[in-house]
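Colleague: Before I take this model to the bench, I would like to go through the terms used for it and hear what stands behind each one.

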Amino acid sequence: MAQRKKAFRIVIIVLIFIFYFFLAARPVPRESILVPKWISFLGSEQLADNVSDQLTAQFADGTIQLTAGNRHNYFGKFIPFSLGTNFGYFDLSGQLILNRIRADEIYLSQNMWVEYSAQPSILEIRNIFDEVITTINNPQGYPVLLDDRIFILGSEQNTLSEIGVNGNVLWSYDFAAPLTGIDVKAGLVLTGSLDGVIEVFDTSGVRIFHFEPGGSRYEVILGVALSDDGSRIGVISGIDQQRFLLLERFGVTPGDFRVVYHEFLDSGFRRPVRILFVDDDRHIVFERTGGLGSLNIRTRHSFFIPLDGAIQAVEESGDQGYLFLVTVPAAGTDHSLRSANRNLVGIRFPQHRWLAFHRITGREMIFLTAPFESDDVFLGRYGQNLFVGGGRTLIAFELEEL
């Protein structure tokens, strides 16, 4: 009998140890550092000297020729930037491909850009080589360049038109209220409007989905986002109470989206809110009072990441499980303090399913906080490369794990 009791105690101790190991133990976190790679200074307005000769020489073996038909294969290696009064593109080595001084409003995308006035009579859409690729006469609105597509948002913000390469209108749609958000991915166009409605359109401009989230005292859409494959929609809606919603496509019907997750967001904002899918659509992140909200798409586990200040800039990839942003003290803070207390913040998403559920808090997801002393801010990403801009300087870092 004594032997049985002793064996029983041993079994109990072993089970308790196993239970503790899986539910209480934590893996040793990876140490992540940013290693400087290069620094580039923004001088006067210029197109990089002999850029055409450089590119032609680079592809002199004939595998890729620099022609209008296949330049798109090369565009992905150029990073668009807007910093202070300068904007343009640079490559991964820090070479400025295009460096222009902003004279008016600009819309800058991966492969196209346009400069425009308050009431433009003509719009010239240009590529990264400063060549005009599309001219739009009498646009009666403002340009929106998303996912290599050209749109015109009407002057009253309640009309959206897609423009073809010849400057002609491909389709147009009139909304019941001004638009408050637009996103374009995977051939779909997602819109949110002041009356609390989200709508999805296909490549022909046909509306395939219409939804009113409701549930708030004031119905308004403050932020919308499409996943890269077009299968999910993220929404920030309403004031008093504000909500975050995730919708997913069901079945084979392109417009069959349904709510799979929602969360109330305390007092919320009364302005447009940043919301985006990151980390190859594994997470969706969004601004919320006091910090950043994050949802793991697979586990449906939500995190609140507290931040010391408001978000001023965020890189949009969140690639390989890392996201970087710059915070600034809230409005109303003394200007000198606002300039002196900006921070570059690095966030690492939990990669293990059980860890995502139980072990990591939002604050523990922050692995980097570094002073950032510049009023002008730029952030960009390409794989392991983080590009940071301040003042008239661009710096590249490589993210390394030790």
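Modeller: Let us begin with a pair of strands: E12 (residues 159–163) and E13 (residues 169–174) run antiparallel and are joined by 5 bridges. The model is predicted, so local features need pLDDT of at least 70 and side-chain atom pairs count only at pLDDT 80 or more, whereas totals for chains, interfaces and linings use all residues. Residues are numbered from 1 along each chain as its sequence is written, and side-chain values use heavy atoms, with hydrogens and water left out.

Colleague: What makes E12 and E13 a pair of strands?

Modeller: Strands are DSSP runs of E with at least two residues, helices are runs of H or I with at least four, and both are numbered from the N terminus. Two strands pair if DSSP finds at least two bridges between them, and E12 and E13 have 5 bridges, so they pair by that definition. Within this pair, glutamate 162 has tryptophan 171 in E13 as its bridge partner. The two strands form a hairpin with 5 residues between them, and glycine 167 in the turn has a positive phi of about 85°.

Colleague: Which strands form the open sheet, and in what order?

Modeller: The order is E1-E32-E31-E30, 4 strands with antiparallel pairing. Strand E1 (32–41) and strand E30 (377–382) are the edge strands, since each pairs on one side only. From one strand to the next the twist averages 20°, where axes are lines fitted to C-alpha atoms, for helices over the stretch in contact, and angles run from 0 to 180 degrees between N-to-C directions. Inside the sheet, strand E31 (residues 385–390) is joined to strand E32 (residues 393–401) by 6 bridges, and phenylalanine 387 stands opposite alanine 396 in E32.

Colleague: Why is threonine 393 called buried or exposed, and what about proline 272?

Modeller: Buried means under 20% relative accessible area, exposed over 50%, and partly exposed in between, with a 1.4 Å probe and protein chains only. Threonine 393 has a relative accessible area of 16%, and is therefore buried, while proline 272 has 60% and is therefore exposed. Threonine 393 lies in strand E32, and proline 272 is in the loop between E21 and E22. Leaving aside residues up to four places away in sequence, threonine 393 touches Ile39, Ser40, Phe41, Leu83 and Val388, and proline 272 touches Leu222 and Glu287; a contact here means heavy atoms within 4.5 Å. Over the protein chain of 402 residues, buried residues make up 47%.

Colleague: Why is the pair of tryptophan 38 and phenylalanine 90 given the name that it has?

Modeller: Rings of Phe, Tyr and Trp (its six-membered ring) pair if their centres lie within 6.5 Å, and planes under 30 degrees apart count as stacked, over 60 as edge-to-face and the rest as tilted. The structure holds 20 aromatic pairs. In the pair you mention the ring centres are 5.8 Å apart and the planes stand at 80°, so the pair is edge-to-face. Tryptophan 38 is in strand E1 and phenylalanine 90 in strand E4 (residues 86–91), 52 residues apart, so this pair links distant parts of the chain. Both tryptophan 38 and phenylalanine 90 are buried, and they form one aromatic cluster with Phe81, Phe378 and Phe387.

Colleague: What kind of pair do phenylalanine 244 and tyrosine 261 form?

Modeller: Phenylalanine 244 and tyrosine 261 form a tilted pair, with 6.0 Å from centre to centre and 55° between the planes. Phenylalanine 244 belongs to strand E20 and tyrosine 261 to strand E21 (residues 257–264), and both are buried.

Colleague: Which residues touch the most other members of the largest nonpolar core?

Modeller: A nonpolar core is a set of buried Ala, Val, Leu, Ile, Met, Phe, Trp, Tyr and Cys residues joined through side-chain atoms within 4.5 Å. In the largest one, of 17 residues, they are Ile236, Phe244, Leu246, Ile275 and Ile284. Strand E18 (218–226) is among the elements that give two or more residues to this core, and E18 gives the most, with 3 residues. A second, separate core of 15 residues includes Phe303, Val314, Leu325 and Phe349.
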